[in-house]
Amino acid sequence: MAFARTCSVALVGVDGVIVEVQADLEPGVAAFTLVGLPDKALSEARDRVRAALVNSGEAWPQRKLTVGLSPASVPKSGSGFDLAVACAVLAAAERLDPASIAELLIIGELGLDGRVRPVRGVLPSVLAAADAGYQRVVVAEQTAPEASLVPGVSVIGVRSLRQLVAVLTGAPAPEEPPDPFGGRPDPLMAGLMLPSAGVRGLPDDRAARLDMADVAGQYEARRALEIAAAGGHHLYLKGPPGAGKTMLAERLPALLPPLTRKEALEVSAVHSVAGLLPAGRPLIDTAPYCAPHHSTTMPAIVGGGSGLPRPGAVSLAHRGVLFLDEAPEFPVRVLDALRQPLESGEVVIARSAGSLRLPARFLLCLAANPCPCGRHSRRGEGCECSPAMVSRYQGRLSGPLLDRVDLQVQVAPVTRVELMERDTTAESTETVAARVLAARERAAARLADTPWRTNAEVPGHELRTRWQLAPGALNDAARQLERGMLTARGLDRVLRVAWTVADLAGRDRPDQRDVRTALVLRTGVEHGLPMSGRAPGLLGSVPAQRGPVDEPPEEPDGTDGPARPDHPGSPAAEPAHPAGPGDPGHPGHPEPPAWSARAKRTRALDRQPANEDGEA
């Protein structure tokens, strides 16, 4: 019989397409023709396969040979078809029984000496084979553990073409020399690594030493970090250099719970396509951490490259953390390209060679200085930047992007006392991660009959209609929405954060305190509830931290100070009658700042004790 066929897999992103490899021998001048939209690497398979067969002790057929890859309309790339082509040629030359390879799915590259070398993307390829009903696959010996992760599939790991021929013919398998690389990653795999992506998908010694207890002070930022991990909310840390923004972000992945089996396969498939799976650890069961440099290009962040696009940083951080340090230094186009994956959890890339959909359900963590010099504050001490420079620098993070960030926290400089004295109340990563896991389990139990698993994934419409909040919980948020200080998307995200705060506190539904906390974390403006303080039942009662020096002091009765026009619940916020043209509340009437210097001095004088004459 001069015809034989077997199957392999072509990868389109992280999805596999079954490809039938056909070989046909006809009388005529000896020639080797490869058809089916092969790329340059696949076209060179003609020379690799011929040399591998000859050096394996097999005879090359001296006839006209045509190898077809079907479906012909799907572009094929890479060297993973070599082993399937060699088996099809041997079966067409009657060296192998064509029936022995007809139901096999074969993946692997051939060296000129006949050695089978590993290729990237084995896990998604075997997943596609299992979905197509294949029960036996042949891969390189180095990638056999990765292929064995797919249930219901029998994996044959071979070291050379001679071994595979012996297995298919029932002959004794020849002894091959040991791995010439001594257990080190194959050079082919090392060449496919993306070190510029900054991916950390497995716990190493350095990551194991990162503990939340090492962070001095920053109780508000710690609390925001815990809420972000518990609900999968995006986080923006803004503060001067040296305040601890990077330290906090590096400790965020350890707070996330371990990946489920399904999530681990998703993450491992993406890393397998990118060639980032380390030797001996085919399954990534911890949340990956990706921290690209601010000079990284658009294709490296979103995905792309020549030919069919490849996964970028947003996909490599799938089910993990994407940390953008010095976020304003990233190109504006790169930052705005994050809008779609932040909403949908996936990224769609279209190129001339085709389009594909890549998973991108990540937790975004942004860190930025307040200005180019980093010393800008409301007091303006020590800042050498002009107002135009500060505005231009802060404007690099667009409003639509920040509107998709649930938690926006000001990270204040660490005080001398916090830095020099040991804080015995600081909680370790293990303690905080236990609370995060308990909150995730509460959310998963509530969302058990839905396609969502975290609060950050639930649409706002479902939160407003399906699960009811405590009576009066949305009063403050409704006021902010009416004043235009909160968008419709912002209200949905406030609800998501409020549910996470309630889950961490062990409550069945959010109340007014939870919604106020969510508003503070989103807007940075306190609405009747301080961010810090020992609030019983709230996130483990973190120690109190003094706020910025230019904030008004709290009243002895526990309020946040005198009524302000923009303070929810204050008498000034709800006038008894509509404001007229001459009233201070009218849009045409200019109002002084809520906390001007004159108001502060007056308030300080009011607090001074009076002398014997009754004068301050």
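User: Taking a salt bridge as a side-chain nitrogen of Lys or Arg within 4 Å of a carboxyl oxygen of Asp or Glu, how many does a search of the whole structure find?

Analyst: Quick heads-up: this is a predicted model, where local features need pLDDT of at least 70, side-chain atom pairs count only at pLDDT 80 or more, and totals for chains, interfaces and linings use all residues. Residues are numbered from 1 along each chain as its sequence is written, and side-chain values use heavy atoms, with hydrogens and water left out. With that cut-off, the search of the whole structure gives a salt bridge count of 31.

User: Which residue forms a salt bridge with Glu-58, and where does that partner sit?

Analyst: The closest N and O atoms of Glu-58 and its partner Arg-95 are 2.8 Å apart. Glu-58 is in the loop between helix 2 (45-55) and strand 4 (64-70), and the two residues are 37 apart along the chain. Helices here are DSSP runs of H or I with at least four residues, strands are E runs of at least two, and both are numbered from the N terminus. So the partner is Arg-95, in the loop between helix 3 (82-92) and helix 4 (98-102).

User: Is Glu-58 buried or exposed?

Analyst: Buried means under 20% relative accessible area, exposed means over 50%, and partly exposed is in between (1.4 Å probe, protein chains only). Glu-58 comes in at 14%, so the label is buried.

User: How many residues apart in sequence are Glu-343 and Arg-404?

Analyst: Their side chains meet in a salt bridge at 3.6 Å, N to O. Glu-343 lies in helix 17 (residues 339-344) and Arg-404 in the loop between helix 19 (399-402) and strand 19 (407-410), so the pair ties together parts whose separation in residues is 61.

User: Which residue pairs with Arg-516 in a salt bridge?

Analyst: The closest N and O atoms of that pair are 2.5 Å apart. Arg-516 belongs to helix 25 (residues 512-523), with the partner 40 residues away in helix 23 (residues 475-482). Arg-516 is partly exposed at 21%, while the partner counts as buried at 1%. That partner is Asp-476.

User: How many of the 14 residues of helix 13 are buried?

Analyst: Helix 13 covers residues 261-274, and its end C-alpha atoms are 20 Å apart, in agreement with the expected 20 Å. The expected span is 1.5 Å times one less than the number of residues. Its buried residues include Glu-263, His-271 and Ala-274. The helix is largely enclosed by the rest of the structure, because its buried count is 11.
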